[in-house]
Amino acid sequence: MASSLRPKRIYYVFLSFRGADLRNNFIGHLYQALHHNGIYTFRDSEELKKEDQISPVLRKAIEESCIAIIVFSEDYASSRWCLEELAKIIKCKEQKNLIVLPVFYKVDPREVREGKKSYQRSLAKHEFKFGKDSEKVKRWKKALSDAGNLSGWHLNDGDESELIQEIVNKISTYLDRPLSVAKHPVGIYSRVIKLKSILKVESNDGVLMVGLWGQGGIGKTCLAKALYNALFRKFEGACFLADVRETSKDSRALVTLQEIILNDILLPQQRLKVSNVDEGINLIQRRLGRKKVLLILDDVDALCHLDALAGKGEWFGNGSRIIVTTRDKQLLTCHRIDQDHVYKVEALSNSQAHELLSKHAFQTHQIRTDLVDGALKYAKGLPLALEVLGSLLCGTTEDVWESTIKKLSRNPDKAINNVLTVSFDGLDENEKDIFLHIACFFKGWAREQTKKVLDSCDLETIVGFDILIKRSLISIKGGILQMHDLIQAMGMDIVNQECKDDPGRRSKLWLYDDVIDVLSRDMGDCAVKAIVLELPEPTDMCINPDAFIKLRRLRLLILHNVHNSFQCPISLPNELRWFEWPGCAHQIPKFSASPKKLVGLNMSKGNITGVLKQFKLKNCHQLQKIPELPPFLSFYADNCESLQKNEDLFSIHQFVHKSLADGLDTHQ
């Protein structure tokens, strides 16, 4: 289980020291100060030191501590138990990220790391007892050398109470900084391991910027928090800047965020103030330019945020790591973050999703497998959806599970929608319209075919697809448009919210009942711009042939598996750009005398034999191809230069790709 990778910590601090005098004075006062500040501390006792090895209790206490404080006194090395304890502490530092802070109590740090004076005498005694080449003694010497090189405190004749307060303050900064990740952090810590390999924290060569990219609700923030907790102690200063997008809406927001970065990393006694963004940029460069820092900018959605908060790597000292979470991949590209350093946060695997749902939807009784599978299918590995759904279903009965899943399939949950809609709100009108077309109509369609349709509706499809992909709203695999079910539901809900009660006042229709409702009644001002009706099996639709003409704003009409029994031509509105009705019986559509804008026409498999006698095109300057026409049909093309030059005039080609400039007249 992924969550089991997280190390368990029982104690905040482990104290390692030697001597009763020290225990009753400096150590006693330090222990009380830590206890007074709520810092749970393990202080060993002499009875735990038995034989030549440290006891299992001591070993376990070291492993379960966050920080080890080693108080090196004059006779520390005389105790083989203290040296074994030290060796274990150094091992945990290397293997379990234990923080080690030495206190050199009335001894010089060089005496410890180089084995001089009292430490030389003590080690000589150990060599005499265990042998000069003893592996045990070598291990102790190495541990002393490693610990002696660590940064800590040196006390000779100074004020012990001041030093104790300084130690408590330092430990408090370590312990107060971890962030709450998630109630049930399933699947997070295995990803932290992958990201740590990308970040190469041990390297101090330059500054590395990394992006965490993915759709809303996918778990970017939780992952960034877990990463922060795993890494911040390895840096001279750290800052997790939460919810940059939302915070930046205020007029002085960027200045406030710059102040947070400076104060969180530097921890000054007097809080730093910033007057304006430019001053903040200069302060960050001057004050942090030589510091190894960890800076996480969460939920960034504008380049100006990055320019003001982490404009260039050279603002920070060597070894610094800057991590940006965003829904917009293009933002990372514009900020010159290498693509190899962009980590796409994917949905949870099915087993992880099942585990997370189970934890949130805790049950005292067994729930049917098909209901659990239905909930998992609804969430599609999105952690936010699993959390919300699990909370709704927690402790409920099977009939409530069934009812809840049915309800959500019709009406998306507000908590989920509010998160997902943020990505939509940040789009320009072109991208919003393309997104809604895909959500309502074209999920699962071929990219190229969808592009032709949307281009005909005066949308800039190429750039639109690119932006939607970078915003994690769509993906294209094998040339097919794909979209997470919940993002699709969000898009459909946006259209439905245009008018809940009257489909005629919505811009897009895709449900049979809504289409029939609009076409079957007289309407004044109809808002419908697009109808795409794809039915699972052939269905009769009994409507008036003039029903479409009242949809004056209609630009897109696609009907699949729809049968009609018209005895006369259907009338179409002049704003129509794309008309597709395979199998439409008997009649070619007619338009009024006004200028036409039709670009795409597909009536393949229709039976027009014996009905259509003449087909005339006039002033269609850019038209190159037309559908295959029957041999008995009289065809006229007037002032259609591109079409007349085309040698393969009657090739099988279902769609008219270019604008019909002035008219498409049909006659019986």
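## A serine at the end of a helix

Let's start with one residue: Ser456 lies in helix 22, which covers residues 447–456. Keep in mind that this is a predicted model. Is Ser456 buried or exposed? With a relative accessible area of 5%, Ser456 is buried, because buried means under 20%.

What does Ser456 touch, leaving aside residues up to four places away in sequence? The residues touched by Ser456 are Arg577, Trp578 and Val599. There is also a link to Val453: a polar atom of the Ser456 side chain lies 2.5 Å from the backbone oxygen of Val453.

## Cysteines

How many disulfides does the model have? The count comes to zero. Two cysteines can still show you what buried and exposed look like. Cys82 has a relative accessible area of 0% and is buried, whereas Cys542 has a relative accessible area of 70% and is exposed.

## A parallel sheet of five strands

Now follow the strands in the order 2-1-5-6-7: these five form an open sheet, and their pairing is parallel. The edges are strand 2 (41–43) and strand 7 (153–155), each of which pairs on one side only. If you ignore direction, neighbouring strands of this sheet are turned by 20° against each other on average.

Look at one pair in detail. Strand 1 (residues 11–16) runs parallel to strand 2, and three bridges join them. Here you can find Phe14 standing opposite Phe42 of strand 2.

## Helix 6 and its neighbours

Does the length of helix 6 fall short of its expected span, or agree with it? Helix 6 (residues 118–130) has 13 residues, which at 1.5 Å a residue should span 18 Å. The C-alpha atoms at its ends are 18 Å apart, so the two agree. Just after helix 6 comes Gly131, with a positive phi of about 100°.

The buried residues of helix 6 are Ser118, Tyr119, Ser122, Leu123, His126 and Glu127. They pack against strand 5 (65–72) and against three helices: helix 4 (80–96), helix 5 (109–114) and helix 7 (135–148).

## An enclosed strand

Strand 10 (residues 293–297) is a nice case to study. Five of its five residues are buried, so strand 10 is largely enclosed by the rest of the structure. In a regular strand, side chains alternate between the two faces of the sheet. You can see this pattern here: Val293, Leu295 and Leu297 point one way from strand 10, while Leu294 and Ile296 point the other way.

Which strands pair with strand 10? One partner is strand 9 (residues 237–241), parallel to strand 10 and joined to it over five bridges; in this pair, Cys239 has Leu295 as its bridge partner. Another is strand 11 (residues 321–326), which runs parallel to strand 10 and is joined to it by four bridges. There, Leu297 stands opposite Val324.

## Another open sheet

Further along the chain, five strands in the order 15-16-17-18-19 make an open sheet with parallel pairing. Strand 15 (508–509) and strand 19 (600–602) stand at its edges; each has a single partner strand, so one side of each is left without a neighbour in the sheet.

Strand 16 (residues 530–540) and strand 17 (residues 556–563) pair in the parallel sense, with seven bridges between them. One of the matched pairs is Ala530 with Leu556 in strand 17. Helix 25 (residues 512–519) packs on this sheet, where it touches strand 15 and strand 16, and its direction makes about 110° with that of strand 16.

Technical notes: Residues numbered from 1 in each chain as written. Predicted model: local features only at pLDDT ≥ 70, side-chain atom pairs only at ≥ 80, totals over all residues. Heavy atoms only, no water. Helix = DSSP H or I, 4+ residues; strand = E, 2+ residues; numbered from the N terminus. Buried < 20%, exposed > 50% of the residue type's maximum accessible area, 1.4 Å probe, protein only. Polar contact = N/O pair within 3.5 Å; in protein donor to acceptor, adjacent residues only side chain to side chain. Contact = heavy atoms within 4.5 Å. Disulfide = S-S within 2.5 Å. Pairing = 2+ DSSP bridges. Axes fitted to C-alpha atoms, helices over the stretch in contact; angles between N-to-C directions. Expected span 1.5 Å × (residues − 1).
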